[in-house]
Amino acid sequence: MEQRTTRLTVLIDPRKKEVFEHVCAREDQTPSQVVRRLIRDYIEQRLGRPWQPGESLEELRGQWPAPPAQTDPADESR
């Protein structure tokens, strides 16, 4: 099981927070559960494979795919 010992503070619009908490409650999930799942999904999407809870950042260095090339919108109009 993953350790949950680090706090992440996120600043969001109060109305968005209220709606988020309401939706979480309707789905019988805590906001923390949903945020943890979103973070894990984001990591796995970027890795291109499932992330294992025991993997550290040091083990992952060099395994990350290159980020997509940034395009300049001005170049597209030429």
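Reader: Does glutamate 21 count as buried, partly exposed or exposed, and at what relative accessibility?

Author: In this predicted model, the relevant cut-offs are under 20% for buried and over 50% for exposed, with partly exposed in between. Glutamate 21 has a relative accessibility of 34%. Glutamate 21 therefore falls between the two cut-offs and counts as partly exposed, at 34%.

Reader: Which residue forms a salt bridge with glutamate 21?

Author: The partner sits four residues away in helix H1, which covers residues 14-26, so the two are separated by about one helical turn. The partner is itself partly exposed, at 40% relative accessibility. The closest N and O atoms of the pair are 2.8 Å apart. The residue is lysine 17.

Reader: What separates glutamate 44 and arginine 40 along helix H2?

Author: Glutamate 44 and arginine 40 form a salt bridge, with their closest N and O atoms 3.2 Å apart. Arginine 40 is partly exposed, with a relative accessible area of 25%. Both residues lie in helix H2, residues 31-47, and they are four residues apart, so the separation is about one helical turn.

Reader: Is arginine 15 buried or exposed?

Author: The side chain of arginine 15 meets that of aspartate 13 in a salt bridge, at 3.2 Å from N to O. Aspartate 13 is partly exposed, with a relative accessible area of 31%. For arginine 15 the value is 61%. Because the cut-off for exposed is over 50%, arginine 15 is exposed.

Reader: How many salt bridges does the structure hold?

Author: Among them are aspartate 13 with arginine 15, lysine 17 with glutamate 21, and glutamate 44 with arginine 40. The number of salt bridges in the structure is four.

Notes
Residues are numbered from 1 along each chain as its sequence is written. This is a predicted model: local features need pLDDT of at least 70, side-chain atom pairs count only at pLDDT 80 or more; totals for chains, interfaces and linings use all residues. Side-chain values use heavy atoms; hydrogens and water are left out. Buried means under 20% relative accessible area, exposed over 50%, partly exposed in between (1.4 Å probe, protein chains only).
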